[in-house]
Structures are given as structure tokens and as C-alpha cells.
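Let's take a walk through this structure together, one stop at a time. Have the sequence and the 3D view ready.

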Number of protein chains: 2
Amino acid sequence: MKLLEDRIRKDGIIAEGGVLKVDCFLNHLMDVKLFHEMGMEFKRLFKDKPINKILTIEASGIGIACVVAECFDVPVLFAKKSQSINLSGEVYSTKVQSFTHKRVYDVVVSKKFIGPEDHVLIIDDFLANGCALQGLIQLVQEAGATVEGIGICVEKGFQDGGRIIRETGIQLESLAIVDAMDPATGEITFREQ
Amino acid sequence: MKLLEDRIRKDGIIAEGGVLKVDCFLNHLMDVKLFHEMGMEFKRLFKDKPINKILTIEASGIGIACVVAECFDVPVLFAKKSQSINLSGEVYSTKVQSFTHKRVYDVVVSKKFIGPEDHVLIIDDFLANGCALQGLIQLVQEAGATVEGIGICVEKGFQDGGRIIRETGIQLESLAIVDAMDPATGEITFREQ
């Protein structure tokens, strides 16, 4: 998606340790106009799928998921990173390793809100090693629901997550795939799509 | 807001310990159509304010804030509950006690994204004792920005947060104020507004 690639080139910052910072429009300050454009693009990419629910994971996926959900006219379910007293009752649960925070989270969704009748589009802001996505896919499958597709804003193509998930046959669409970043020059190479 | 009050009466669950569960449409499964209606109502309530940014706190405020932000045509900044490696650099920071999780969080926003030029509407899903809101107000003031108002979906009128914040003179609008809940009968009493 050229609009997103241009924005990443303009405002993205290549930080140490293979980190691409897009916190000025994607995951701290959030440009909801851009989110709407991304939502319309996901709607185009998944137009043939009978999606009735969007699943994401807290925290930075939630905003994008909600704006995308308006384009699909469906509700959003967000997976929580630890069980709180407001989530009593039965949950589906999995463990996710966070690249960013260097720790393992319990990730849960209430069994009340996902089941075999659901056709789910998973939305997240970033895809790197894919641990969070694998966890979300597992939650959907545990619920007996169907993963109709996965929509990602920014994929790091030089990490393994995207390849591994595409090999499972799930339709994974990343609006921008960064194949290389040069911290010295600031140059970012996007995959042709 | 009658639409929200009716929904709380229909789908809200009064749980032990003074907890009102609205996780089937507000803060786990999220009804983005309802969020849009709430956004339009906030737009009406704050129509005279020169709002150029919405501030919320992760996680459950983010979805509502983003949909509301579309109605105001402004970006969203969300305060993060702990400092991650993606948030390097200077931050404004405060501590917030969570009623739900019974712990104290560090809450931060990047100094890059808020400053004296900002006129901020704070949005959150719930207001009970007001600790999270007090923290957000403090962050805005520390940045030299202006709190133009606070928009809340559900306020627990039988806790102190709303009264304390209104006494500071800030325009606080809660779309539903629960003055009493009876766990035995399931009856919920809303404040007339």
C-alpha cells in the first residue's frame, strides 16, 4: 500500500536492534485517517471472505482493529495479555513471547465471545517473528472458529513470521513489507506486492 | 445517552465487589457501531472546544478513543502502562493505581507527541475512583497542554472520581452514570442528565 510505505519512509525511524519505530502514526500517536484508508484496503483484499468478527491483541492492535472493523461492519474482540478480575469465567488461553518487551505473556479471550460460528479476521499492527499471531491463530482454532485471514500493517520481511504463517495456507496480507532497513543511511526497502 | 443506558440494562452484568461487567460490548468484545454513536454524542457535547488531540490509556480505552477521534478528525495518543524499548527517549510519566488489577502502573507518553500547542480531549471507557484520569490530567498538564474536556462512557456515580474531577472545573461528560446497582435484582439506576 503506497500510502503506508510513503508514510513509513517519511516518518519511520530505524533504531538499534532491528527496531522500526513508527510510533508517530501507528502505535503511540495514532493517525486514524490513515487507519481508515488501511481498513478500506483490507476490505478490498478480503472482500470474498465471510468475516463476522475481528480479533486483535492489546494494546497497539486495538485502535487499528476498531477502525478496520467499521469498514467491515463487524465487532472487535481483543485478546488480553493477562487475566484480570473483570474477565472471570472461562477463557481460551495461550502463551505469547514478546519481542518488544522480552517476556512471555498469558493471552486470553473469553469463551463467551468466540465460537464455531465465527469467521475471524485477525488484525495487528506489526508482524516480526509471528509469536503473537501464532497465539491468536491458536485461540481461534481452540474456539472452533475459522481464521478467514490476517491483516497486518507493517511486516518485517527479514524475520520469519510471515513466511511461516503463509506456509500454513492462511491468507496473510501485509500492507507494507520491509525487506531491508539500513540504520546508517535510513534507507528502507519494501517488497514489491 | 439513552442508547448506552439501554445497552447496559440489557447486557451489563453486576458482579461481586461493585464490578459492572460490560465486556460484551465495551471492553472485551467491542461494538464499534455503538462506539461511533458515542463519538457523535461526544462531538455534540464538546462542539465548542478547539480539540486537536485525543488522549486515552491502554488498553480498553484505545478502541473507543480511535472511533471517537474519527468523529473529531484528530489523532489519538495513548498512554502506555510501562516503558517498553519501543518508547525510548523522553517521556512524561505518572503512577496510576488500578482498581481492576489491584496494582500500581507507571503510565507514560512520549514528549514528542504532546506539548503546549495541544488542546486535549481525554477519553476512557470507565470512571470509578478516577485514578487513571487523574494520571492522564497530570500528564497533559506536565506537557503544558490544555485539558479541554473528558469524555467517559460509563461512570460509577457511587464512587468518588467524577465528583472530584468536576470540582476542578474540567468539563467531564459521562454518557451513562450508574448511581446504584443491585446485585440481587440486577437493577441499575442511572443518574438523570
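A quick bit of vocabulary before we set off: a residue counts as buried when its relative accessible area is under 20%. Keep in mind, too, that what you're looking at is a predicted model.

With that cut-off in hand, head for the phenylalanines of chain B. B:Phe42 is buried, and B:Phe46 is buried as well. Their rings have centres 6.4 Å apart and planes at 35°, so this pair is tilted. That angle falls in the tilted class because planes under 30 degrees apart would count as stacked and those over 60 as edge-to-face.

Now hop over to chain A. Over all chains, there are two aromatic pairs. In A:Phe42 and A:Phe46 the ring centres are 6.5 Å apart and the planes sit at 35°, so here we have a tilted pair. How buried are these two? A:Phe42 has a relative accessible area of 0%, which makes it buried, and A:Phe46, at 1%, is buried too.

Rings can also have a charge for company. In chain A, the charged end of A:Lys81 sits over the ring of A:Tyr105, 4.9 Å from the ring's centre. Look in chain B and you'll find B:Lys81 lying over the face of B:Tyr105, at 4.8 Å from the ring centre.

Next stop: the place where the chains meet. How many residues of chain A are in contact with chain B? The count is 42 residues of chain A, touching 42 residues of chain B. People often describe the size of an interface by the accessible area lost when the parts come together. Here, chain A and chain B bury about 3,600 Å² between them, with 62% of it on carbon and sulfur atoms.

There are four salt bridges between chain A and chain B. One of them joins B:Lys33 to A:Asp73, whose closest N and O atoms are 3.4 Å apart. Between the two chains you'll also find 10 residue pairs in polar contact, both residues being at pLDDT 80 or more. Several elements of chain A supply at least two residues each to the side touching chain B, including helix H2 (32-45), helix H3 (60-72) and strand S7 (103-110). The largest share of that side, seven residues, comes from H3(A).

Our last stop is A:Glu155, which belongs to strand S9 (residues 146-156) of chain A. Is A:Glu155 buried or exposed? With a relative accessible area of 2%, A:Glu155 is buried. Leaving aside neighbours within four places in sequence, A:Glu155 is in contact with several residues, among them A:Leu127, A:Arg166, A:Ser174 and A:Val178.

Methods
Residues numbered from 1 in each chain as written. Chains lettered and ligands numbered in written order. Predicted model: local features only at pLDDT ≥ 70, side-chain atom pairs only at ≥ 80, totals over all residues. Heavy atoms only, no water. Phe/Tyr/Trp six-rings, centres within 6.5 Å; stacked < 30°, edge-to-face > 60°. Buried < 20%, exposed > 50% of the residue type's maximum accessible area, 1.4 Å probe, protein only. Lys NZ or Arg CZ within 6 Å of the ring centre and 35° of its normal. Contact = heavy atoms within 4.5 Å. Buried area = accessible area lost by both parts, 1.4 Å probe. Salt bridge = Lys/Arg side-chain N within 4 Å of Asp/Glu carboxyl O. Polar contact = N/O pair within 3.5 Å; in protein donor to acceptor, adjacent residues only side chain to side chain. Helix = DSSP H or I, 4+ residues; strand = E, 2+ residues; numbered from the N terminus.
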